[in-house]
Amino acid sequence: MLFCSSEQSTSADPIPEVLHYAAFTTDPAGGNMAGVVLDAAGLDEATMLAIAAEVGHSETAFLREAPAQLAGTGRTFAVRYFSPKMEVPFCGHATVAAAVALAERIGPGGLVFETRAGTVPVEVVADDGGVLWATLTSVEPYVEPVGELDVAQALDALKWRIDELDPAQPPRIAFAGSRHLVLAAATRERLADLDYDFSGLARYMTDRDLITLQLVWRESADTFQVRDPFPVGGVVEDPATGAAAAAFGAYLRDLGEAGPAARLTLHQGVDMGRPGLLRVELRDGDITVRVSGAAVPVSAGGRSGSR
């Protein structure tokens, strides 16, 4: 069994096993590290936060058996996500990691994750080489404008200038499970040079309920380089961010910069030396966004950019 009793843990209970996966990569040295606890029954919020802080990855996913009315299939799980400093409503890379970890134990196929952001279906398949790939389907996304003063304050914390943005892709708040401010750099050089005010940006994001900044540069019509500062979670930069990738797909569709049916490729982590590959799919007539990536197990020594 993957799960134990849902009774509250006591100080005598053993510390649960934490699995370590690199998500959005087939290389253990790439992508974004996530912790996965497959049996989080009885863990309270303080304990989960303490475990996530000790693990030190951008996020750790904590799974337990689904509520009774949803548990009939045996492939539905309640999931909570914690960074080293806070709980987040949804995390894409930890979803991919957890789905692959489950598939290694109960087989590929459909899964359902009940998250604080809503219900997230995940499909896991094995490619011809036996590598497991997970595709998550986002909750209903939205995109909203952001004021000039808010943009100016974000740029000030980033140490960017307004003329270094791409006017074809204006700033927006985008949501597909968590909120992200999308800022498009006009040049690859601007995106590559990331040296921001950690405390100042963290305050800015906390005040606006933002999880990351989705910093992007358009390499071609359907290919982007992206970076995601995550100071509110205690992380300088997230190496691969599935929730932001889903939000970005909604952003492009809202702007008319991607068609109603589109397949996008996002490269993230390149400037950190942890390259990851995120595939984003938009389907005609479907408001949700699909994000796909591989994940591989890693020894416990791997770490993200925590601070």
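**The nonpolar core**

Begin by selecting L63 and F113 in this predicted model. In the largest nonpolar core, which has 87 residues, L63 and F113 are the members that touch the most others. Helix α2 supplies 9 residues, the largest share of this core. Next, display the surroundings of F113. Beyond its neighbours within four places in sequence, F113 is in contact with L63, F77, V79, Y81, T95, A98, A99, L102, G118, T119, V120 and V122. Apart from this core lies another, of 10 residues, and V18, A40, I51 and F62 are among them.

**Aromatic pairs**

Keep F62 selected and add F82. The structure contains 7 aromatic pairs. F62 and F82 form one of them, an edge-to-face pair with 5.8 Å between the centres and 85° between the planes. Which parts of the chain does this pair tie together? F62 belongs to strand β3 (residues 59-65) and F82 to strand β4 (residues 76-82), so the contact joins parts that are 20 residues apart in sequence. F62 is buried, at 2% relative accessibility, and F82 is likewise buried, at 3%.

Now move to F248 and Y251. Their ring centres are 5.6 Å apart and their planes meet at 20°, so this pair is stacked. F248 and Y251 are 3 residues apart in helix α6, which places about one helical turn between them. Both F248 and Y251 are buried. Add F224 to the selection to complete the group: F224, F248 and Y251 form one aromatic cluster.

**The cavity**

Stay with helix α6 and turn to the enclosed space. There is 1 cavity of 30 Å³ or more, and the largest cavity holds about 70 Å³ of space. To find its centre, select E59, C91, D238, T241 and A243, the closest to that point among the 14 residues of the lining. Helices α2 (92-106) and α6 (242-255) each contribute at least two residues to the lining. How many of the lining residues are nonpolar, polar and charged? The lining has 5 nonpolar, 7 polar and 2 charged residues.

**S178 and its contacts**

A243 also leads to the next stop, since A243 appears among the contacts of S178. Select S178, in the loop between β10 and β11 (179-184). Is this loop residue buried or exposed? S178 is buried, with a relative accessible area of 2%. Leaving out residues up to four places away in sequence, S178 touches P89, F90, I211 and A243. For a longer view, draw a distance from S178 to E54: these residues are 124 apart along the chain, and 24 Å separates their C-alpha atoms.

**L155 in helix α3**

Select L155 next, in helix α3. At 4% relative accessibility, L155 is buried. Its contacts, not counting residues up to four places away in sequence, are W160, R161, I162, L165 and L183. L201 is 46 residues from L155 along the chain, with 9.3 Å between the two C-alpha atoms.

**Two residues with positive phi**

Continue from helix α3 to K159, in the loop between α3 (148-158) and β10 (172-175). Most residues other than glycine have a negative phi. K159 is not a glycine, yet its phi is positive, near 65°. The second case is D209, in the loop between α5 (198-207) and β12 (212-220). D209 is also not a glycine and has a positive phi, of about 55°. Is D209 buried or exposed? D209 is exposed, with a relative accessible area of 52%, where the cut-off for exposed is over 50%.

**Last stop: A46**

Finish at A46, in helix α1 (residues 45-55). At 58% relative accessibility, A46 counts as exposed. Measure across to E17 in the viewer: A46 and E17 are 29 residues apart in sequence, and their C-alpha atoms are 17 Å apart in space.

How values were computed. Residues numbered from 1 in each chain as written. Predicted model: local features only at pLDDT ≥ 70, side-chain atom pairs only at ≥ 80, totals over all residues. Heavy atoms only, no water. 1 Å grid on protein atoms, 1.4 Å probe; cavity = no way out; pocket = protein on both sides within 12 Å on 5 of 7 lines; lining within 4 Å. Points joined across faces, edges and corners; volume = space filled by probe spheres on them. Helix = DSSP H or I, 4+ residues; strand = E, 2+ residues; numbered from the N terminus. Nonpolar A, V, L, I, M, F, W, Y, C, P; charged D, E, K, R; others polar. Buried < 20%, exposed > 50% of the residue type's maximum accessible area, 1.4 Å probe, protein only. Phe/Tyr/Trp six-rings, centres within 6.5 Å; stacked < 30°, edge-to-face > 60°. Core = buried A, V, L, I, M, F, W, Y, C linked by side-chain atoms within 4.5 Å. Contact = heavy atoms within 4.5 Å.
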